[in-house]
Amino acid sequence: MTTTVRALLFDVFGTVVDWRGSLVDQLQGLAAKQGVQSDWGALADAWRAEAYEAILPQIEARTLPWLPLDDVHRLALDELLPRHGLVGLTDAEVAWINRRWHQLEPWPDAVPGLQRLRQGYPVCALSNGNVSLLLAMARHAGLPWDMLFGADLFQRYKPAAEVYLGACTLLDLQPEQVMLCAAHNGDLQAAQELGLATAFIQRPREKGPAGGEVSRGGWDLEVSDLQDLADQLGLPPTPRQAGDDREKA
């Protein structure tokens with residue numbers, strides 16, 4: 001199937017950027033500046049869980065109106081701050097915390113891997129993030145996307161079929177001509193059931209001490225990182241990589 005692939009879609013949070021490690025690092029910086037203390041790892045884990053397990057399902061079930069992910073994160077944060085002993089913060093401070101999602105750091109292989117993959121394919125973000133969030137993150141992290149498919153383009157969140165098929169339609173490609181690359185089995189399964197090709201990206205440090213997801217198997221490709229994905233797709237190394245290889249030889 002991979003021989004028919006003409007475009008690559010990437011999950012972003014956890015697959016391309018280290019959401020948890022980035023949040024913890026930035027929130028520890030707030031603690032150093034403002035004297036605010038908390039278990040930042042626990043807050044980051046709870047924040048992600050509250051947004052994805054409590055709020056997004058309500059939006060998808062239409063028991064809450066449509067909200068972009070920035071607003072979902074803020075709703076979750078407002079609930080979590082007092083539970084984690086963070087009271088008395090100004091609205092500006094809370095807004096600053098919420099915007100940490102805009103400045104997540106890429107995994108070390110992400111930027112060079114995407115640059116290499118662009119030699120053979122359009123590389124596109126397919127994320128539950130809203131476009132403005134994804135754009136800010138891309139500019140911060142230097143992510144060389146060809147296109148940003150945010151959930152607000154479709155008014156739906158993954159794993160809704162409209163997200164995957166909507167991206168294929170906008171690319172003017174059939175599902176089998178598009179490969180979803182992700183570190184999450186559920187995301188890949190939803191895409192696979194719609195006819196997309198799939199690549200599982202290993203991210204064993206995504207959730208910090210809790211590790212990352214282990215592939216359930218059955219995907220078109222399973223790779224250790226984005227450079228390995230480029231290798232398995234048959235793309236040549238970049239000129240710099242080729243020079244590095246010659247020096248090592």
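This briefing describes a parallel sheet, the helices that pack around it, and a few residues of interest in a predicted model. The sheet is open and has six strands in the order S5-S4-S1-S6-S7-S8, paired in the parallel sense. Its edges are formed by strand S5 (147-150) and strand S8 (221-223), each of which pairs on one side only. On average, and with direction ignored, neighbouring strands of this sheet are turned by 25 degrees against each other.

**Strand S4 and its partners**

- Strand S1 (residues 7-10) pairs with strand S4 (residues 123-127) in the parallel sense over three bridges, and in this pairing Leu 8 has Val 123 of S4 as its bridge partner.
- S4 also pairs with S5, again in the parallel sense, over four bridges, and here the bridge partner of Cys 124 is Met 147 in S5.
- Strands of a sheet pair through backbone hydrogen bonds, in either a parallel or an antiparallel arrangement.
- S4 is mostly covered, with five of its five residues buried.
- In a regular strand the side chains alternate between the two faces of the sheet.
- In S4 both faces are covered, since Val 123, Ala 125 and Ser 127 are buried on one side while Cys 124 and Leu 126 are buried on the other.

**Helix H7 across the sheet**

- Helix H7 (residues 161-171) lies across S1, S4, S5 and strand S6 (178-182), and runs at about 150 degrees to S4.
- The buried residues of H7 are Val 163, Tyr 164, Gly 166, Ala 167 and Cys 168, and these pack against S1, S4, S5, S6 and H8.
- An α-helix has 3.6 residues a turn, so residues three or four places apart point the same way.
- Just after H7 comes Asp 172, which takes a positive phi of about 60 degrees.

**Helix H8**

- In helix H8 (residues 185-193), the buried residues are Asn 185, Asp 187, Leu 188, Ala 190 and Ala 191.
- The cover over the buried residues of H8 includes H7, S6 and strand S7 (197-201).
- H8 is followed by Gly 195, a residue whose phi is positive and near 100 degrees.

**A nonpolar patch at the surface**

- Met 147, Leu 153 and Leu 170 make a nonpolar surface patch of about 270 Å².
- Met 147, found in strand S5, counts as partly exposed because its relative accessibility is 35%, a value that falls between the limits of 20% for buried and 50% for exposed.
- Met 147 thus appears in two settings, as a member of this patch and as the bridge partner of Cys 124.

**Leu 23 in helix H1**

- Leu 23 is found in helix H1 (residues 19-34), and it counts as buried because its relative accessibility is 0%, where the limit for that class is under 20%.
- Beyond residues up to four places away in sequence, Leu 23 touches Ala 44, Trp 47, Arg 100, Trp 101 and Leu 104.
- Leu 23 and Ile 97 are 74 residues apart in sequence, while their C-alpha atoms are 8.9 Å apart in space.

Conventions
Residues are numbered from 1 along each chain as its sequence is written. This is a predicted model: local features need pLDDT of at least 70, side-chain atom pairs count only at pLDDT 80 or more; totals for chains, interfaces and linings use all residues. Side-chain values use heavy atoms; hydrogens and water are left out. Two strands pair if DSSP finds at least two bridges between them. Axes are lines fitted to C-alpha atoms, for helices over the stretch in contact, and angles run from 0 to 180 degrees between N-to-C directions. Contact means heavy atoms within 4.5 Å. Patches are made of residues with over 30% relative accessible area and no salt bridge: like charges are joined within 9 Å, nonpolar side chains (Val, Leu, Ile, Met, Phe, Trp, Tyr) within 5 Å. Accessible areas come from the Shrake-Rupley method with a 1.4 Å probe; for residues, only the protein chains shown count as cover. A salt bridge is a side-chain nitrogen of Lys or Arg within 4 Å of a carboxyl oxygen of Asp or Glu. Buried means under 20% relative accessible area, exposed over 50%, partly exposed in between (1.4 Å probe, protein chains only).
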